[in-house]
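Me: I have just opened this one and would like to be walked through it slowly. Could we start with a term I will need, and then look at the parts one by one?

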Amino acid sequence: MNELMPIFIRMITTSNIVLVMYLGLCPFFGVSKKLGPAISMGIAVTLVMIIASVATWLIHDYILMQFDVMYMYIVLFILVISSLVQMVEMTIKRTNATLFNALGIYLPLITTNCAILGLTFLNIREEYTMLQSIVNGLGAGIGFGIALILMSSIRVKLEIADVPKSMRGLPIAYIGATILALIFVFTFGGIV
Amino acid sequence: MVITILVLTGIGLFAAVLIYVVNVVVPHKVMGLEKTEEINTILPGMNCGACGYPSCFAYAQAITEPKALSCCGTGKDEDVLTKSPCATLLEDEESVKELEKALGVTLDVSALGKKALIHCTGDSEVICDYAGIETCKGAAQLLSGYKKCPWACSGLGDCVRVCLQDAIFIDEEKDIVVIDQEKCNGCGLCIPECPLDLIELVPSGTKISFLCSYEPIRDIPGREKCAYGCTHCRKCFKACEEEGIHAIEWDKEKALPIIDQDKCTLCGKCIEVCEPNTLGDFTKANKPKVAVLSH
């Protein structure tokens with residue numbers, strides 16, 4: 001327990017996967033225009049990160065290490081994660097229409113996002129146990145969700161703000177994200 | 001080497017079998033999504049986004065599951081279909097019939113269909129030899145283009161590049177772009193591309209098109225900049241009145257005609273009378289070579 005809490009808090013604040021590590025910028029800027037999709041995307045990303053952490057940890061420990069084929073980890077992780085997400089999406093689509101409406105369409109979009117893959121590579125590099133990997137994934141997903149919710153609230157206001165014509169839309173969103181990232185690093189870096 | 005192949009193949013096969021098993025085992029029919037799936041098969045499946053929804057599946061969902069407390073409209077199916085129609089679907093008559101049968105509604109294609117219209121014949125005098133970056137947006141940065149009229153189409157093809165239907169052509173002689181109205185499905189992807197905002201989505205039932213975007217600066221009429229600019233002579237307005245049709249009204253502020261496409265009978269008098277040929281016959285706009293004028 002005394003290792004899990006630091007991992008969890010670190011992934012949300014000072015090692016935030018999108019604001020500090022710059023992974024997963026595509027869905028971050030793509031879905032952050034409104035609050036509703038932002039929340040759905042955050043939940044979908046958390047779910048996929050946990051599934052991916054579990055599956056890749058199993059593959060890594062029981063297949064890659066056993067057969068000494070560590071160099072194949074990129075290909076195998078992509079294969080396994082996309083298959084699992086496909087199965088999860090199929091199951092959700094056919095069993096629970098409300099849940100599907102909430103986050104179904106985002107699942108195929110983030111299947112092999114660099115955030116998901118990057119997280120699994122982090123798990124390998126830090127040599128986490130299964131439980132630590134799960135907490136890592138959970139923290140990263142929640143960190144992504146928080147950053148996304150903050151960003152969507154900012155962008156809703158930026159839509160009606162007086163922005164120069166050439167900066168409207170994505171450029172000013174990037175600058176907003178930069179400022180948000182600076183806040184995250186300096187505030188939380190000082191506290192944690 | 002062998003182990004690599006075995007491991008990769010093994011895991012790939014395992015994943016494939018698992019997906020197949022899940023596909024077969026998990027019950028196929030979900031309450032509520034059957035209708036959506038049915039509509040989804042009728043839709044083009046291009047996910048072009050012209051209707052405003054992120055994918056064809058999302059559009060199908062919007063049609064079949066209207067929100068009861070929608071803030072705009074009464075929440076019925078027809079509202080989504082009329083407010084944001086699927087442009088590609090409307091081109092295909094069979095699909096329209098299938099959709100009508102599936103939903104139990106009738107669609108008025110000519111009222112819903114849209115076409116893109118360029119409000120420029122581009123015949124303005126060329127005042128410099130443009131040697132910059134070959135995009136319209138680049139040319140527009142330089143004093144609004146290399147032609148005398150600041151609203152002239154520069155013909156460098158930003159809109160051509162985004163058209164999914166290949167409906168836009170560059171007319172090399174005149175250095176403008178021309179839209180082939182037969183191929184255009186009104187998706188509107190070309191509209192944000194034009195830096196001078198020359199393209200407009202008009203209903204496909206439009207008959208007469210006004211082909212100049214010039215806004216008089218310091219009272220210099222459009223005629224000064226281009227041979228096809230409006231001279232504000234009001235002959236079109238008078239000709240329509242004399243015919244008794246009254247389809248053209250005169251906007252006094254902008255000094256331009258306003259055409260009521262429903263009342264227009266396409267008699268052609270206004271086009272005949274217009275000296276600078278600013279008014280064009282929209283229904284004849286199919287041949288790419290001879291722009292949209294009816295000489």
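Reply: Let us begin with the expected span of a helix, which is 1.5 Å times one less than its number of residues. Please keep in mind throughout that this is a predicted model.

Me: OK, how does helix α8 of chain A, residues 170–191, do against its expected span?
Reply: Helix α8 of chain A has 22 residues, and the distance from its first C-alpha to its last is 31 Å, which is close to the 32 Å expected at 1.5 Å a residue.

Me: And which residues of α8(A) are buried?
Reply: They are A:A173, A:A177 and A:F184. Seen down the axis of α8(A), these buried residues fall within an arc of 40 degrees, so they line one face of the helix.

Me: What do the buried residues of α8(A) pack against?
Reply: They pack against α2 (25–31) and α7 (130–159), both of chain A.

Me: Then what is on the face of α8(A) turned away from the buried side?
Reply: That face carries exposed residues, among them A:P171, A:T178, A:I179, A:L182, A:I183 and A:F186.

Me: Switching topic: where do the two chains touch, and how many residues does each give?
Reply: The contact takes 20 residues from chain B and 18 residues from chain A. On the side of chain B that touches chain A, helix α1 (residues 2–25) of chain B gives the most, with 11 residues. By class, that side of chain B has 14 nonpolar and six polar residues, and no charged ones.

Me: What scores does the predictor give the complex?
Reply: The predictor gives the complex an ipTM of 0.75 and a pTM of 0.55.

Me: And chain by chain, what is the confidence like, starting with A?
Reply: Chain A has a mean pLDDT of 88, with 99% of its residues at 70 or more. Within chain A, confidence is lowest in helix α5 (residues 97–103), at a mean of 73, and highest in α7(A), at 93.

Me: What about chain B?
Reply: Chain B averages a pLDDT of 74, and 77% of its residues score at least 70. In chain B, confidence is lowest in helix α4 (residues 77–83), at a mean of 62, whereas it is highest in α1(B), at 89. The pLDDT stays under 50 over residues 68–77 of chain B, a stretch for which the model has 11 contacts beyond four places in sequence. Over residues 286–295 of chain B the pLDDT is also below 50, and there the model has 20 contacts beyond near neighbours in sequence.

Me: How many helices and strands does chain B have?
Reply: Chain B has 11 helices and eight strands. Of its 295 residues, 33% count as buried. Among contacts in chain B between residues at least 6 apart in sequence, 55% join residues at least 24 apart.

Me: Which residues touch the most other members of the largest nonpolar core?
Reply: Of the 45 residues in that core, B:I118, B:C120, B:L198, B:I199 and B:C270 touch the most other members. Several elements of chain B each supply at least two residues of this core, including β1 (114–118), α8 (136–141) and α10 (235–243). The largest share, four residues, comes from β3(B).

Me: Take B:C270, what does it touch?
Reply: Not counting residues up to four places away in sequence, B:C270 touches B:I208, B:C236, B:A239, B:C240, B:I248 and B:L279. Apart from the largest core lies another, of 44 residues, among them A:I12, A:A38, A:L84 and A:L107.

Me: And B:A139, is that one buried or exposed?
Reply: B:A139 is found in helix α8 of chain B, and it is buried, because 23 other C-beta atoms lie within 10 Å, while the cut-off for being buried is 20 or more. Leaving aside neighbours within four places in sequence, B:A139 is in contact with residues including B:Y130, B:G132 and B:Y146.

Me: Last one: what is the phi of A:D68?
Reply: A:D68 has a positive phi of about 60 degrees although it is not a glycine. Most residues other than glycine have a negative phi. A:D68 is found in the loop between α3 (35–67) and α4 (73–95) of chain A, and it is exposed, with 8 other C-beta atoms within 10 Å.

Note on methods
Residues are numbered from 1 along each chain as its sequence is written. Chains are lettered from A and ligands numbered from 1 in the order in which they are written. This is a predicted model: local features need pLDDT of at least 70, side-chain atom pairs count only at pLDDT 80 or more; totals for chains, interfaces and linings use all residues. Two residues are in contact if their C-beta atoms, placed from the backbone, lie within 7 Å. Ala, Val, Leu, Ile, Met, Phe, Trp, Tyr, Cys and Pro count as nonpolar, Asp, Glu, Lys and Arg as charged, and the others, Gly among them, as polar. A nonpolar core is a set of buried Ala, Val, Leu, Ile, Met, Phe, Trp, Tyr and Cys residues joined through C-beta atoms within 7 Å. A residue is buried if 20 or more other C-beta atoms lie within 10 Å of its own, exposed if 12 or fewer, and partly exposed in between; C-beta atoms are placed from the backbone. The arc is that of the directions from the helix axis to the C-beta atoms. pLDDT is the predictor's confidence in each residue, from 0 to 100.
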